[in-house]
Amino acid sequence: MGKVQGCSLVSFGGCFDSCRDHTQGSGQGTRIWNLSDRPVELQIRVGSILKKIHTLKAGSSKRLKCKSIYKAYMPARSGGNLKSLLYYYDETCHPYIWIHDTGCHSLRMGKQQYISLEDLRDSSEIRIFWDHQRGSISVRKRTRPDFC
């Protein structure tokens, strides 16, 4: 019985020590699937400024990491470089991913046509599909599990 008491505390504590901090973002990133019947563009934007485009064909996927997007596209806070002089950035203007339906000529904006960095951090998988009732693309997110 003394053998079980000493072992259980060490093994139980080891589980919590090995858990990563979920508030810092995932190391594996988030898989984004295009389940619609047409290609879509994942446009990385800061405010209205387009930074990068990833085109997803129908049925394909792309893995994105919130931490790398944040590091690459968040403006420098020091204000000493030339890049910060070219554009005005607001403190609330964080990078996000705009989902653009390339097969549709309408510029109608749907309710969930963007993905925030928080969505990338909190979701293990994001599925883009065509919503026939709304007549536009829609997004479903699968939350990341919080266990060891």
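# Briefing: two sheets in a predicted chain

The accessible surface of this chain comes to about 10,000 Å², and carbon and sulfur atoms account for 55% of that area. The model is predicted. Four helices and eight strands make up the secondary structure of the chain. The strands are arranged in two open sheets, one in the order β3-β2-β5-β6 and one in the order β4-β1-β7-β8.

**The chain as a whole**

- Along the sequence, helices and strands follow one another in the pattern α-β-β-β-β-α-α-β-β-α-β-β.
- The chain has 148 residues, of which 32% count as buried.
- Among contacts between residues at least 6 apart in sequence, 57% join residues at least 24 apart.

**The antiparallel sheet, β3-β2-β5-β6**

- Four strands form this open sheet, and their pairing is antiparallel.
- The edges are taken by β3 (49-56) and β6; each has a single partner strand, so one side of each is left without a neighbour in the sheet.
- On average, neighbouring strands of this sheet are turned by 25° against each other, with direction ignored.
- Strand β2 (residues 40-46) is joined to β3 by seven bridges, and the two strands run antiparallel.
- Within that pairing, R45 stands opposite L50 of β3, while V46 has I49 as its bridge partner in β3.
- The two strands β2 and β3 form a hairpin with two residues between them.
- In the turn of this hairpin, G47 has a positive phi of about 65°.
- Strand β2 also pairs with β5, in the antiparallel sense and over seven bridges.
- In that second pairing, the bridge partner of L42 is I99 in β5.

**Cover around strand β2**

- How many of the seven residues of β2 are buried? Seven of the seven are, and the strand is described as mostly covered.
- The cover reaches both faces of β2.
- On one side, V40, L42, I44 and V46 are buried.
- On the other side, the buried residues are E41, Q43 and R45.
- R45, which stands opposite L50 in β3, is therefore one of the residues that count as buried, a class that means under 20% relative accessible area.

**Strands β5 and β6**

- The structure holds one aromatic pair.
- Y96 and Y114 form this pair, which is edge-to-face, with 6.4 Å from centre to centre and 90° between the planes.
- What does the pair tie together? Y96 lies in strand β5 (residues 95-101) and Y114 in strand β6 (residues 114-116), so the pair links parts that are 18 residues apart in sequence.
- Y96 has a relative accessibility of 22% and counts as partly exposed.
- Y114 is also partly exposed, with a relative accessible area of 43%.
- S116 has its place in strand β6 too.
- Is S116 buried or exposed? With a relative accessibility of 15%, S116 counts as buried, because that class covers values under 20%.
- S116 and W98 are 18 residues apart along the chain, and their C-alpha atoms are separated by 8.6 Å.

**The mixed sheet, β4-β1-β7-β8**

- This open sheet also has four strands, and its pairing is mixed.
- Which strands stand at the edges? They are β4 (61-64) and β8 (136-143), each with a single partner strand, so one side of each is left without a neighbour in the sheet.
- From one strand to the next, the twist of this sheet averages 20°.
- Strand β1 (residues 30-34) runs parallel to strand β7 (residues 123-131), and four bridges join the two.
- In this pairing, W33 has R127 in β7 as its bridge partner.

**A charge over a ring**

- Which residue lies over the face of W130? R38 does, at 4.1 Å from the ring centre.
- W130 falls within the range of strand β7 (residues 123-131), the strand that four bridges join to β1.

Technical notes
Residues are numbered from 1 along each chain as its sequence is written. This is a predicted model: local features need pLDDT of at least 70, side-chain atom pairs count only at pLDDT 80 or more; totals for chains, interfaces and linings use all residues. Side-chain values use heavy atoms; hydrogens and water are left out. Rings of Phe, Tyr and Trp (its six-membered ring) pair if their centres lie within 6.5 Å; planes under 30 degrees apart count as stacked, over 60 as edge-to-face and the rest as tilted. Buried means under 20% relative accessible area, exposed over 50%, partly exposed in between (1.4 Å probe, protein chains only). A charge sits over a ring if NZ of Lys or CZ of Arg is within 6 Å of the ring centre and within 35 degrees of the ring normal. Two strands pair if DSSP finds at least two bridges between them. Axes are lines fitted to C-alpha atoms, for helices over the stretch in contact, and angles run from 0 to 180 degrees between N-to-C directions. Contact means heavy atoms within 4.5 Å. Accessible areas come from the Shrake-Rupley method with a 1.4 Å probe; for residues, only the protein chains shown count as cover.
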